[in-house]
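This briefing goes through a few local features of one protein chain. Look at the sequence and the structure before reading the points below.

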Amino acid sequence: MSSANRLAALGCAAVVATTAAGCASATKVVTGGDSPSALTMGTVNVTSVLDPAGAYDAGSWLVLNNTFQSLLSFPPGATVPQPDAAQSCGFTGGDAKTYACTLRSGLKFSNGNSLSAADVVFSIQRMLKINDPSGPASLLSTIKTVEAKGDSQVVFHLNAPDAVLPAKLASAAGSIVDHTVFPADGLLANDKLVGSGPYKIDQIADMDGGNHVPGKISLSANSEYKGDNKPQTNKVVLRYFNTPDELKGALEQGQVDLADNSLEPAAGAQIKADELAGKGDLKVAEGESAETRYLVFNTKDAVTGNPAVRQAIAQLLDRKTLARSVYAGTVQPLYSLVPTGITGHNTAFFDKYGDPDAGKAKKILSNAKVQTPVQMTLTWSRARAGAAEMNEIKKELEASGLFQVTVKQEPDWKKYQAGWKAGSYQAYTVGWTPDYADPDDFISPIVVDGGAFHNAWDDPRISGKLVPDSIKLTDRSAGGAYAQIQNIVADAVPVIPIFQGKSFYASRNDVTGVESTVDTTGIFRFWEIGRTAKK
């Protein structure tokens with residue numbers, strides 16, 4: 001999913017509007033504090049839609065992964081999904097076209113309603129029927145039909161082999177909803193959501209402005225939950241901030257207990273340095289992350305539509321300087337679509353372009369008879385170190401004498417998305433958070449038929465053969481196909497991988513469990529987080 005750093009206001013205490021039992025209440029952010037017993041997490045990954053059929057960004061999936069169950073899930077550190085709401089799941093036959101699951105017994109939603117196979121079928125059919133343009137229905141596109149056999153058996157019939165289906169069902173796209181609560185043909189309001197996960201949504205406080213963008217979401221342990229993920233903390237509050245600086249201030253002032261990977265790199269590095277020096281009451285949990293960032297090119301544009309221009313930029317980009325100088329070592333250079341730690345990773349861009357070299361870039365442009373300096377615009381939206389990142393890229397390109405670059409920002413995330421969909425930008429940066437830990441999730445959504453970033457690029461070798469062939473393989477290593485795909489992309493350069501993030505969560509010293517939930521799945525598990533007992 002694309003990383004969504006949308007505008008949000010500081011979440012505070014609220015006037016509560018009551019709703020039905022088991023559902024959230026809608027509120028308006030006013031002033032005050034959170035319950036002292038709650039563990040409060042801060043983020044700038046804001047979202048506006050929480051219904052699983054319309055939610056497809058990091059901010060919404062952070063909530064859904066903790067409040068809804070799927071048939072399968074990724075335990076901490078795992079790259080292979082395991083049964084969750086299901087007792088068991090597996091392909092029947094050798095063609096990866098029929099997938100069957102048996103549900104656990106006694107499952108219930110937070111409103112007390114029983115969860116059965118009928119709800120699973122309804123959830124999948126609803127997702128595909130609504131097919132919200134901002135939702136994750138495309139992840140389930142290989143499902144032809146799904147049927148319930150009794151209350152506990154679910155069978156998926158696929159229109160093509162899809163060995164990645166278990167991983168897709170383990171994502172928030174596989175969230176199981178209550179068929180008596182959710183409409184079959186439209187999205188449900190945020191304050192009506194009902195799930196069966198470890199937590200339930202108690203209250204949503206909107207930011208000021210009346211646009212229904214959450215400023216704070218309050219969760220509590222779901223007493224109806226039947227599963228293995230028992231919460232260590234009964235109450236969790238998720239607070240949204242406009243900027244990383246606001247989040248940093250709230251952490252330092254004790255308004256939040258934990259900050260996700262949203263802090264400015266220099267701020268996170270300083271907290272780590274203070275921790276090592278024995279100063280302050282904050283600490284940092286570091287770990288692997290599969291979050292990636294790409295420079296995307298509009299391949300229909302008169303300038304960036306020229307492969308030689310894109311190749312020259314790939315030849316000039318200095319990832320090591322970006323990682324060191326802009327991100328203070330909190331990211332690592334990325335030279336392929338698939339990041340380190342995910343099966344199928346290679347170094348296709350480094351293999352082709354090596355270290356930055358202005359002479360080689362000049363030769364690429366000269367051979368293609370491209371007049372220099374090439375004038376182009378780089379556009380970005382809300383991202384940590386976004387301005388510094390783009391200015392460094394501008395500096396690197398212009399230092400070669402081959403480019404004249406204008407940097408522009410579109411701070412409104414929805415307008416930014418609309419802009420790239422409309423082909424309004426020449427080159428633009430977008431972050432990617434994996435839907436599931438599989439190489440396909442860094443390929444199909446990004447470079448097949450224009451991808452999620454709508455850059456108008458497609459290669460029939462990839463979309464017509466390599467991807468369809470690779471997703472048939474139950475052995476997900478499929479190294480040959482994924483290497484070929486990444487090599488093709490490195491040659492054509494519809495996107496340039498810039499960096500792979502490191503999970504860098506800052507928290508108060510009494511917060512526990514963060515290390516156990518920081519991994520390449522991108523799933524933050526609230527149920528793992530607790531506090532040390534006060535003496």
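Helices and strands are DSSP runs numbered from the N terminus, with at least four residues for a helix and at least two for a strand. The model discussed here is predicted. The points cover a helix pair, a buried aspartate and some backbone geometry.

**Helices α6 and α9**
- Helix α6 (residues 307–316) and helix α9 (residues 358–367) have axes that come within 8 Å and cross at roughly 175°.
- Because angles over 145 degrees count as roughly antiparallel, α6 is roughly antiparallel to α9.
- From α6, the residues Ala308, Val309, Gln311, Ala312, Gln315 and Leu316 meet Ala358, Lys360, Ala361, Ile364 and Leu365 of α9.
- Eight of the residues in this contact are nonpolar, two are polar and one is charged.

**Aspartate 57**
- The loop between β3 (39–43) and α1 (58–67) holds aspartate 57.
- Aspartate 57 has a relative accessible area of 5% and is buried.
- Its side chain makes a polar contact with the side chain of threonine 47 (3.2 Å).
- A polar atom of the aspartate 57 side chain also lies 3.1 Å from the backbone nitrogen of glycine 59.

**Backbone geometry**
- Most residues other than glycine have a negative phi, and most peptide bonds are trans.
- The peptide bond from threonine 372 to proline 373 is cis, with omega near 0°, and proline 373 lies in the loop between α9 and β16 (374–380).
- Asparagine 131 has a positive phi, near 45°, and sits in the loop between α2 (117–130) and β8 (143–149).
- Alanine 328 has a positive phi, near 50°, and is partly exposed, with a relative accessible area of 36%.

Methods
Residues numbered from 1 in each chain as written. Predicted model: local features only at pLDDT ≥ 70, side-chain atom pairs only at ≥ 80, totals over all residues. Heavy atoms only, no water. Axes fitted to C-alpha atoms, helices over the stretch in contact; angles between N-to-C directions. Parallel < 35°, antiparallel > 145°, perpendicular 65-115°, else oblique. Contact = heavy atoms within 4.5 Å. Nonpolar A, V, L, I, M, F, W, Y, C, P; charged D, E, K, R; others polar. Buried < 20%, exposed > 50% of the residue type's maximum accessible area, 1.4 Å probe, protein only. Polar contact = N/O pair within 3.5 Å; in protein donor to acceptor, adjacent residues only side chain to side chain.
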